[in-house]
Amino acid sequence: MPDRPHTRPAVLVARAIFPETVQRLRAHFDVEDNPDDVEWSREELIQRLQGKAGALLTGTQRIDDELLRACPQLRIVANMTVGFNNFDLAALDAHGVVGTNTPDVLTETTADFGFALLLAAARRVTESERYLRAGCWTRWSYDLFAGAEVHGTTLGILGMGRIGQAIARRGAHGFGMRVLYHNRTRLDARIEAECRATYVSKDELLQASDHLVLVLPYTPQNHHIIGAAELAQMKPTAVLVNIARGGIVDDAALADALRTRRIAAAGLDVFEGEPAVHPGLLEVPNVVLTPHIASATVRTRRAMADLAADNLIAFLTEGRALTPVNAPAVLRAGS
Ligand SMILES: O=CC(=O)O
């Protein structure tokens with residue numbers, strides 16, 4: 001009997017990423033990539049996924065029952081993000097498809113950025129830079145862009161996973177802050193001690209924090225977990241930082257709270273419906289706005305791309321994903 005021709009698995013890289021990472025994938029797979037970073041419609045994505053066993057994604061492509069039905073050869077979807085709210089996990093499980101994310105490699109970098117936003121918003125960095133660039137700075141005055149203190153204040157953290165803990169360590173050990181946190185489950189005493197963080201109820205967190213950083217995953221339960229009622233509980237001098245996901249904050253309510261100075265300022269890296277930004281947020285001066293870049297250092301983005309690629313390689317060549325987010329009882333058969 002003639003040997004069956006050896007076919008390599010085919011994978012799709014849905015967005016432009018580091019060429020070196022694509023090269024690494026080409027050593028194992030037939031790769032279709034998107035070097036020009038064309039914005040594919042969902043229909044086009046589904047069409048390009050035909051015959052593909054794996055896909056490297058960037059967290060914005062919705063992977064659900066409809067897509068998985070239409071792509072019966074797909075066995076693994078590898079996000080180049082730690083968040084995976086683009087995956088319908090029940091659908092992945094039902095179709096025997098593994099999803100992966102990129103935890104750990106971005107933890108410290110993202111925590112740095114949380115602090116960058118907190119400091120920038122509290123100390124009015126971007127607002128004062130706009131003033132200077134506009135040629136408005138004519139002389140020193142005692143209250144020019146006087147902002148809120150950060151060191152020695154009370155830092156609240158909503159969502160105490162890996163990134164939340166890295167922020168707590170920066171606050172407690174670097175800025176001498178008292179750290180409060182609220183999380184779905186309380187951390188064990190060793191981690192609390194290491195982060196010097198105290199568990200409190202959500203209401204206490206909102207009321208007692210001088211500044212509040214949001215680092216929780218987006219789930220239906222967390223939709224608008226910070227809305228008008230929660231903002232009303234915060235101190236009027238507080239700064240709110242969102243490096244989690246759009247949709248966790250009700251952006252319309254936040255724009256209103258910033259406009260009326262219900263809270264002092266905000267630093268936002270993620271938005272409901274991004275890349276669109278609520279017009280009310282664009283109108284107020286007391287908010288620092290960045291385009292979803294909390295993990296964007298060159299080294300970290302390389303590590304994220306590499307980990308997503310390593311997940312595809314490990315799973316499609318050896319049958320084990322490195323950082324899976326689900327464990328389907330039955331896996332889709334390989335082709
Ligand atoms: O938002 C970015 C990520 O989830 O990694």
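A polar contact is a pair of N or O atoms within 3.5 Å; within protein, one of the two must be able to donate a hydrogen and the other to accept it. With that in hand, the meeting of the two domains in this predicted model can be read step by step.

The protein is divided into domain 1, made up of 10-105 + 298-332, and domain 2, which covers 107-289. Their C-alpha centres lie 32 Å apart. To the contact, domain 1 brings 8 residues, while domain 2 brings 6 residues. Between them, the two domains bury about 560 Å², and 42% of this area is on carbon and sulfur atoms. On the side of domain 1, three residues deserve a look: Asn85, Asp104 and Thr300 supply 65% of the area that this domain buries against domain 2, more than any other three residues.

What holds across this interface in terms of polar groups? Between domain 1 and domain 2, 3 residue pairs are in polar contact, counting pairs with both residues at pLDDT 80 or more. The side of domain 1 that touches domain 2 has, by class, 3 nonpolar, 4 polar and 1 charged residues. The rule also finds 1 salt bridge across the interface. Asp104, already met as one of the three residues supplying 65% of the buried area of domain 1, forms a salt bridge with Arg162, and the closest N and O atoms of this pair are 3.8 Å apart.

The ligand comes next. Around it stand Thr81, Val82, Gly83, Leu106, Arg245 and His292. Sorted by class, this shell has 2 nonpolar, 3 polar and 1 charged residues. Which atoms of the shell face oxygen atoms of the ligand? For Val82, a polar backbone atom is 2.8 Å from an oxygen atom of the ligand. Gly83 likewise offers its backbone, with an N or O atom 2.8 Å from a ligand oxygen. Arg245 uses its side chain instead, a polar atom of which lies 2.7 Å from an oxygen atom of the ligand. On its own, the ligand has 190 Å² of accessible area, and the protein covers 86% of it.

Conventions
Residues numbered from 1 in each chain as written. Predicted model: local features only at pLDDT ≥ 70, side-chain atom pairs only at ≥ 80, totals over all residues. Heavy atoms only, no water. Near = heavy atom within 4 Å. Areas by Shrake-Rupley, 256 points an atom, 1.4 Å probe, with all protein chains shown as cover. Nonpolar A, V, L, I, M, F, W, Y, C, P; charged D, E, K, R; others polar. Domains from an automatic or database assignment. Contact = heavy atoms within 4.5 Å. Buried area = accessible area lost by both parts, 1.4 Å probe. Salt bridge = Lys/Arg side-chain N within 4 Å of Asp/Glu carboxyl O.
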